[in-house]
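Please walk me through this structure. Start with one side chain, then widen the view to the chain.

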Amino acid sequence: MIDPRPLWDFDDPATSAERFLDVAEHADEPDKTAWLTQYARTLGLQERYDEAHKVLDQLNSDDPQAATYLDLERGRVLNSSGRPEQARPLFESAASTAEAAGLDALHVDALHMVAIAAPADEQHAINSRALAVARASDDQRARDWDASLLNNIGMTYADAGDHESALAAFEEALAARERIGDPGTIRIARWMIAWSLRNLGRRDEALVIQRQLKAELDSIGDTDPYVDEELALLVD
């Protein structure tokens, strides 16, 4: 499988676009098609939806990996442009193709997008299915999806007003983030726990975590408006 992750900077999709065009130029099929789907995704993230569709419409492949990416990125462009009902069948197709080919990381990615495009009352079941696939996989890229999926499951609980269950999911997500080892996403996972604690009325515990996060951010010369917002709510 290709691995687009090292070339992605989601905060700078224009620079990522240049990287994907460069690697596609030097790739053979079917990898070339797969790389170009990532270029189309960068256009979607810049809200250049018509251009993204034009790129994708020129691509076609019977290769399972490239075909999965084609459906996945077509779906993402549609979903980002406000058409989740059109995106969902593409995500489901991507999930089926990836599952049949044993492409676990893409299978989980596609299922997580099905959940995003689905109505709220279906999201928990779909995310749970994706989590089961991730946890059963021998592919570390698939297994590392557990952190995002647990966060999404936590949010479905929170949106339903079940903050106890949300907290439990966010605590599992933190353990997954710590295993993966990225400091930025670890801080986000801790923020989610503190947010849940505040929603449960456990303000003192929430305040301790938010103050720790603030101190860590200060030590690296960074800021996070969400931390500042929570601190304002907690000390009010």
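At 15% relative accessibility, does Trp-191 count as buried or exposed? The model is a predicted one. In it, Trp-191 counts as buried, because its relative accessibility of 15% falls under the 20% cut-off.

Trp-191 lies in helix H11. This helix covers residues 183-199, 17 residues in total. From first C-alpha to last, H11 reaches 25 Å, close to the 24 Å expected at 1.5 Å a residue. Trp-191 has buried company in H11, including Ile-186, Ala-189, Arg-190, Met-192 and Trp-195. Ile-193, Ala-194, Ser-196 and Leu-197 are buried too. What do the buried residues of H11 pack against? Four helices take part: H9 (146-159), H10 (163-180), H12 (203-219) and H13 (225-235). Just after H11, the backbone at Gly-201 takes a positive phi of about 85°.

Now the rings. A pair of aromatic rings is described by two values, the distance of the centres and the angle of the planes. Searching the whole structure gives 6 aromatic pairs. One of them joins Trp-191 and Tyr-226, with ring centres 6.2 Å apart and planes at 75°. The angle is over 60 degrees, so this pair is edge-to-face. The pair links distant parts of the chain, since Trp-191 sits in helix H11 and Tyr-226 in helix H13, 35 residues apart. The two partners differ in accessibility: Trp-191 is buried at 15%, whereas Tyr-226 is exposed at 53%, because the exposed class begins over 50%.

Other aromatic residues group elsewhere. Trp-8, Phe-10, Phe-20 and Trp-35 form one aromatic cluster. Trp-8 also has a charged partner: the charged end of Arg-41 sits over its ring, 5.2 Å from the centre.

Step back to the chain. How many helices and strands are there in the chain? There are 13 helices and 0 strands. The order of elements from the N terminus is therefore α throughout. For 236 residues, a compact globule would have a radius of gyration near 18 Å; the chain has 19 Å, which agrees. Along the principal axes, the C-alpha atoms fill a box of roughly 55 × 40 × 35 Å.

Buried residues account for 46% of the 236 in the chain. Take the contacts between residues at least 6 apart in sequence: 52% of them join residues at least 24 apart. The surface exposed by the chain is about 11700 Å², and carbon and sulfur atoms supply 48% of that area.

Technical notes. Residues are numbered from 1 along each chain as its sequence is written. This is a predicted model: local features need pLDDT of at least 70, side-chain atom pairs count only at pLDDT 80 or more; totals for chains, interfaces and linings use all residues. Side-chain values use heavy atoms; hydrogens and water are left out. Helices (H or I, at least four residues) and strands (E, at least two) are DSSP runs, numbered from the N terminus. The expected span of a helix is 1.5 Å times one less than its number of residues. Buried means under 20% relative accessible area, exposed over 50%, partly exposed in between (1.4 Å probe, protein chains only). Contact means heavy atoms within 4.5 Å. Rings of Phe, Tyr and Trp (its six-membered ring) pair if their centres lie within 6.5 Å; planes under 30 degrees apart count as stacked, over 60 as edge-to-face and the rest as tilted. A charge sits over a ring if NZ of Lys or CZ of Arg is within 6 Å of the ring centre and within 35 degrees of the ring normal. The radius of gyration is taken over C-alpha atoms; the globule rule is 2.2 Å times the number of residues to the power 0.38. Accessible areas come from the Shrake-Rupley method with a 1.4 Å probe; for residues, only the protein chains shown count as cover.
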